[in-house]
Amino acid sequence: MRDFQPKIVAFICNWCTYAAADLAGVSRLQMPPNVLNIRVMCSGRINPMLVIRAFSQGADGVLVSGCHMGDCHYITGNYYARRRLLTLKSVLTGLGIEPERFRVTWISAAEAQDYQTVITEMVDNVKRLGPLGMFRDAPVVARETPGCLEG
Amino acid sequence: MREYSSEGAKLRQICGDLLEKGAVQCIVAWTEGEDRPRVRETLIEKGRTDLVSKIVWSPFCTTSTVTFLKKNKAALAGKKLGVVVKDCDFQALNVLLQEHFLKREDLVIIGARCDGLAEADLFARPHGADVAITSDAEGVSVGKERRRWEDFGFTTCLTCSYEHMKPDHLIGEYGRKKGKPGWKHLTRIQAMEPAKRREHYASLFESCIRCYACREVCPVCACVECAIDPGERAITPRTPPADKACAPVWASRERHISENAVYLTTRAMHMAGRCVRCGWCERACPVGIALMDILDLSNDAVGRIYHFEAGRDTKDPPFLVSYAETDPDDKGASH
């Protein structure tokens, strides 16, 4: 049997983490290909329902990454995101979704290394935890989509 | 020992005065009918002295007058309105005021201090008007019949700690010490392994039949358009593509665990900083889902991490559309 390959959905901010992911790719940093990056204009755009929906549709882990506090392109977007998403994290943890499966990070456009570290840690952790399996029989989104950044 | 007939008399006097002087056009209050001690919320217009004489206050005033306001918002719009509230209704009213769903200047709020609620069905009915309703630290009595607070199954009342109502008129005195919110059920669930917890919540999600009774009965679920079940924007074969694009299907109507989970988890998130723990959703649920198990996850986070209490003050900004620079970060958020 093949190893369990987790599916991670990453919502990343156009102004920072997306650029960091791009830089990581250009710099040929090695990363696991389990991540599906979704570019959004701001982490403040992340409706908690997007995260909940990702989990219910078969994601084993979700990452939301935006700009450092004070660096938001829209001034305060990430402050709103932080409160919302960490409340969501408490709820999800309470439901039994391990905290390692849902992470909120702040990675600036220059921090390609941090992006690599977060992705690697997350894939390792989720691999260890195994499939989520909470929403069994859930319609599974096609698994063959590779991460857009293959080392 | 707390005697409710004198408090009721005071309430009738206040309401009668307000209507007579023209301070309000109508009043929403609980009234008693033939089926004493059961009550219902009633809209009383000026001149209906027959209804004013039926206004009561007792632990059997379980229904929410704020839900009544929410449901009848269109009919009541623009009217100067008196509303009788108990503690949890007052909190819910504050949440709606924070969100500008209602205008404070349109309302005269009459608060009734509440020791907890009781189920009229557990008592023999009907009782005559001369039978006294009393309560104390242990329970509620109607005449000689007596039940303990624990018997009623109003678990949220047992952990209610709200006692800072600031309405325009206030009646009654607390007859028992209110507890700290000790959420035993949550502690028990949180002590489980994550996998066990998932099992517990998956079983709750699985039994949901998506009747939306919890949404309808909730005093603060007042969105014009529900994101989960957008009735106004139902998609038909004639819906133009542009409208379809504007109506994302967050959860399909299919009764499936993955869709139910989206609904119930979203509800918990939506209620963050808004849930007043009245417990009505749990009581309204036809399949007996322990909805407070889910909602208290966000209530707990909001209280513990952000020290925020729903409906504490009208001037508080709504929880989810505000932030503080001191809000905590996720573990390992920055490297």
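A residue counts as buried here if 20 or more other C-beta atoms lie within 10 Å of its own. Keep that in mind as we walk through this structure, which is a predicted model.

**Chain A**

Let's start with helix H1 of chain A, where A:Thr17, A:Tyr18, A:Ala20, A:Ala21 and A:Ala24 are buried. They take up an arc of only 160° around the axis, which puts them on the same side of H1(A). The cover over these buried residues includes E1, E2, E3 and H4 of chain A. Right behind H1(A) comes A:Arg28, with a positive phi near 55°.

Stepping back, chain A has four helices and four strands. Go along the sequence and you read the pattern β-α-β-α-β-α-β-α. Of the 151 residues in chain A, 53% are buried. Contacts also reach across the sequence: among those between residues at least 6 apart, 83% join residues at least 24 apart.

Now for helix H4 of chain A, residues 112–129. How far apart are the end C-alpha atoms of this helix? At 1.5 Å a residue its 18 residues should span 26 Å, and the end C-alpha atoms are indeed 26 Å apart, so the two agree. The buried residues of H4(A) are A:Ala112, A:Tyr115, A:Gln116, A:Val118, A:Ile119, A:Met122, A:Val123 and A:Val126. Looking down the axis of H4(A), you find these buried residues within an arc of 165°, so they line one face of the helix. An α-helix has 3.6 residues a turn, so residues three or four places apart point the same way. Covering the buried residues of H4(A) are, among others, strand E1 (8–13), helix H1 (17–26), strand E2 (35–40), strand E3 (61–66) and strand E4 (102–106) of chain A. Just past H4(A) sits A:Gly130, with a positive phi of about 90°.

One more stop in this chain is A:Asp71, in the loop between E3 and H3 of chain A. Its 15 C-beta neighbours inside 10 Å are why A:Asp71 counts as partly exposed. The C-alpha atoms of A:Asp71 and A:Lys127 are 33 Å apart, with their positions 56 residues apart along the chain.

**Where the chains meet**

How many residues of each chain are in contact with the other? The count is 33 residues of chain A and 33 residues of chain B. On the chain A side, helix H2 (48–56), helix H3 (77–95), E4 and H4 each give two or more residues. H3(A) has the largest share, 13 residues. By type, the chain A side divides into 14 nonpolar, ten polar and nine charged residues.

**Chain B**

Chain B is split into domain 1 (2–171) and domain 2 (184–321). Their C-alpha centres lie 27 Å apart. The contact between them takes 20 residues from domain 1 of chain B and 17 residues from domain 2 of chain B. On the domain 1 side, helix H3 (65–71), helix H5 (87–98) and helix H6 (155–158) of chain B each supply at least two residues. H5(B) gives the most, with nine residues. That side of domain 1 of chain B holds nine nonpolar, seven polar and four charged residues.

There is also an open sheet of four strands in chain B, in the order E1-E6-E7-E8, with antiparallel pairing. Strand E1 (2–3) and strand E8 (145–148) of chain B are at the edges with a single partner strand each, so one side of each has no neighbour in the sheet. Strand E7 (139–142) of chain B pairs with E8(B) in the antiparallel sense over four bridges. Opposite B:Ser141 you'll find B:Arg146 in E8(B).

**Backbone oddities in chain B**

Most residues other than glycine have a negative phi, and most peptide bonds are trans. Here are some spots in chain B to look up.

| Where | What | Value |
|---|---|---|
| B:Arg36 and B:Pro37 | cis peptide bond | omega about 5° |
| B:Arg125 and B:Pro126 | cis peptide bond | omega about -10° |
| B:Tyr212 | positive phi | phi near 60° |
| B:His307 | positive phi | phi near 50° |

B:Pro37 lies in the loop between strand E2 (26–32) and strand E3 (39–45) of chain B. B:Pro126 is in the loop between strand E5 (107–112) and strand E6 (133–135) of chain B.

Are B:Tyr212 and B:His307 partly exposed or exposed? B:Tyr212 counts as partly exposed because it has 18 C-beta neighbours inside 10 Å, while B:His307, with 7, counts as exposed.

Definitions and conventions:
Residues are numbered from 1 along each chain as its sequence is written. Chains are lettered from A and ligands numbered from 1 in the order in which they are written. This is a predicted model: local features need pLDDT of at least 70, side-chain atom pairs count only at pLDDT 80 or more; totals for chains, interfaces and linings use all residues. Domain bounds come from an automatic or database domain assignment. Two residues are in contact if their C-beta atoms, placed from the backbone, lie within 7 Å. Ala, Val, Leu, Ile, Met, Phe, Trp, Tyr, Cys and Pro count as nonpolar, Asp, Glu, Lys and Arg as charged, and the others, Gly among them, as polar. The expected span of a helix is 1.5 Å times one less than its number of residues. A residue is buried if 20 or more other C-beta atoms lie within 10 Å of its own, exposed if 12 or fewer, and partly exposed in between; C-beta atoms are placed from the backbone. The arc is that of the directions from the helix axis to the C-beta atoms. Two strands pair if DSSP finds at least two bridges between them.
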